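I opened this entry to keep track of what I looked up in the model and of the cut-offs behind each value. The sequence and structure come first, and my notes follow.

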Protein chains: 2
Amino acid sequence: MATGRTHRPATRSRGIPEATVARLPLYLRALTALSERSVPTVSSEELAAAAGVNSAKLRKDFSYLGSYGTRGVGYDVEYLVYQISRELGLTQDWPVVIVGIGNLGAALANYGGFASRGFRVAALIDADPAMAGKPVAGIPVQHTDELEKIVQDEGVSIGVIATPAGAAQQVCERLVAAGVTSILNFAPTVLSVPDGVDVRKVDLSIELQILAFHEQRKAGELAAAGTAASHQEPAVSRRSAAVDQVPVADQGPDGDVPAVMPT
Amino acid sequence: MATGRTHRPATRSRGIPEATVARLPLYLRALTALSERSVPTVSSEELAAAAGVNSAKLRKDFSYLGSYGTRGVGYDVEYLVYQISRELGLTQDWPVVIVGIGNLGAALANYGGFASRGFRVAALIDADPAMAGKPVAGIPVQHTDELEKIVQDEGVSIGVIATPAGAAQQVCERLVAAGVTSILNFAPTVLSVPDGVDVRKVDLSIELQILAFHEQRKAGELAAAGTAASHQEPAVSRRSAAVDQVPVADQGPDGDVPAVMPT
DNA sequence: GGGTGTGAACATCTTCACAGCA
DNA sequence: TGCTGTGAAGATGTTCACACCC
């Protein structure tokens, strides 16, 4: 089945493009800042600048949510904050568990951006018995043995994996079996999950590699244009170039994740 | 040809699509794993599975690099590793500095994925004098005062910002002024940079928010389709749904970033 | 005038399907 | 026969430009 896109949008509001969804948090952040400064309204131009996108894109994005602006005036900040929050599902409480409390897991546990957006760190889980009971960010670390119980008791549907690559798939399977349906994966591995489970991944080194690609390109612009791109002086003067990459952060094609056996 | 009107995007001379560039690190990771298992050749189908994409996409991606495969056989693993590495610019050494050695900065400093791909942590920098000299991941932390000197002496062109949001823009400006032309930003702020400087960003809470959106959608499928989406039982049975988000990780040009106050 | 909302043009990305080569 | 490489179709995303309303 993998029905794919044979879905029927009961109401047309269900057709928000992925690219738009991915930008909503950006708008929300900018709006929250405006809200804290008690700015009552904002134009698409201003908000777009604050969010780092262009205004046409922003207006188009908002048009998918409905008509929340006022022509000639702009958008009501508070109202928009509410609408976007609701659309993203942030008006409800999302208990999350973080598995793998190394440096990264600890950083995530301490990250303030979660709590302020409806995410509550329900538990920290680590395989190391020595960690058990040790508080991180004020929350005692629990042993992996408790994973299933925690997920079920707390009604956790979102799990964060910050384990080493080797442990990620197994942790993922246990999370899913216990009821988790969304996973944020920091381990450098492709996770295979059943249909209906969302995976997003963040790979720190991938981002750096993309930067390196463009960096190399900038340097290459000065000399070689063909194939010989082997040497480059790091201290090259900065050349102008359009800045506009975008992508990455995908996982899970839509139907067929085979038995991957990664690192 | 070019684009006779507005300014020309970065996708020029060499013409590898951004989406493809963003996947090259994925392929590289999968290939490296195969290489370590001494697998000599691999088909597009197998490699695609290991990288978590579909084979048509992979073949198309590789076609932009050149014809490195053999019909009826597949791709030579070692050769592909080399070609992709070269394309990404990973055959050279990239000294990077990490600014902001909190939990996250420490996690980055310890992250093994860097060194193995040509990235060398040239220095760790923090504004806290108490951190100065303290070793993290075997590297002594240096004070922000040294920033310019370090960047110049080491020929650093890639900087990683892991400071609180409030400090990010200033750090960014100092990095750029000192010669950095690529920045990986973990602070939840839009950085404004001059032309020619690349910024990629990773926002942990954004990824979670995107997951929350889809999570809410799954739950909503069961009952309400209209506006009332306030209550939901977290322990909903998993329903099948198309899993296929994608994007995010852009950072626009546009200057003018208001004084965003972090969380 | 000012600024939203949006159809239509354009650009990019993905998938299909098959020609062509080992 | 098996699998790559790729033109062409299709889907998604972005930008333009202007109607329309405050």
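**Helix α4 of chain A**

I began with burial and found that in α4(A) the residues A:Val77, A:Leu80, A:Val81, A:Gln83, A:Ile84, A:Ser85, A:Arg86, A:Glu87 and A:Leu88 are buried, where buried means under 20% relative accessible area, exposed over 50% and partly exposed in between, with a 1.4 Å probe and protein chains only. Nine of the 12 residues of α4(A) are buried, so this helix is largely enclosed by the rest of the structure. I note that this is a predicted model, in which local features need pLDDT of at least 70 and side-chain atom pairs count only at pLDDT 80 or more, whereas totals for chains, interfaces and linings use all residues. Residues are numbered from 1 along each chain as its sequence is written, chains are lettered from A and ligands numbered from 1 in the order in which they are written, and side-chain values use heavy atoms, with hydrogens and water left out.

I then checked the length: α4 covers residues 77-88 of chain A and reaches 16 Å from its first C-alpha to its last, close to the 16 Å expected at 1.5 Å a residue, the expected span being 1.5 Å times one less than the number of residues. Helices (H or I, at least four residues) and strands (E, at least two) are DSSP runs numbered from the N terminus. At the N-terminal end, A:Asp76 acts as a cap, with a side-chain oxygen 3.3 Å from the backbone nitrogen of A:Glu78. After the helix comes A:Gly89, whose phi is positive, near 85 degrees.

**The two DNA strands**

Which residues come nearest to DNA strand C? Of the 26 residues around this strand, I listed A:Ser44, A:Gly69, A:Tyr75, B:Arg23 and B:Asn54 as the nearest, a residue counting as near if one of its heavy atoms lies within 4 Å. Sugar and phosphate account for 64% of the atoms of DNA strand C that come within 4 Å of the protein. For individual phosphate oxygens of DNA strand C, I noted a polar side-chain atom of B:Arg23 at 2.8 Å, a polar backbone atom of A:Gly69 at 2.9 Å and a backbone N or O atom of B:Ala19 at 3.5 Å. By class, the surface near DNA strand C divides into six nonpolar, 11 polar and nine charged residues; here Ala, Val, Leu, Ile, Met, Phe, Trp, Tyr, Cys and Pro count as nonpolar, Asp, Glu, Lys and Arg as charged, and the others, Gly among them, as polar.

For DNA strand D, I found A:Arg23, A:Asn54, B:Ser44, B:Gly69 and B:Tyr75 to be the nearest of 25 residues. Of the atoms of DNA strand D within 4 Å of the protein, 66% belong to sugar or phosphate and the rest to bases. Base oxygens of this strand lie 3.0 Å from an N or O atom in the side chain of A:Arg71 and 3.1 Å from a polar side-chain atom of B:Arg71. The surface near DNA strand D divides into five nonpolar, 10 polar and 10 charged residues.

**B:Asp203**

I located B:Asp203 in the loop between β10 (198-201) and α9 (204-222) of chain B. Is B:Asp203 buried or exposed? At 6% relative accessibility, B:Asp203 counts as buried. Its side chain makes a polar contact with the side chain of A:Arg29 at 2.5 Å, a polar contact being a pair of N or O atoms within 3.5 Å; within protein, one must be able to donate a hydrogen and the other to accept it, and residues adjacent in sequence count only if both atoms are side-chain atoms. The backbone nitrogen of B:Ser205 lies 2.9 Å from a polar atom of the side chain of B:Asp203.

**Aromatic pairs**

I counted eight aromatic pairs over all chains, rings of Phe, Tyr and Trp (its six-membered ring) pairing if their centres lie within 6.5 Å, with planes under 30 degrees apart counted as stacked, over 60 as edge-to-face and the rest as tilted. The rings of A:Tyr111 and A:Phe114 have centres 5.0 Å apart and planes at 90 degrees, so this pair is edge-to-face. Both A:Tyr111 and A:Phe114 are buried. Ring pairs also link A:Tyr27, A:Phe62 and A:Tyr75 into a cluster.
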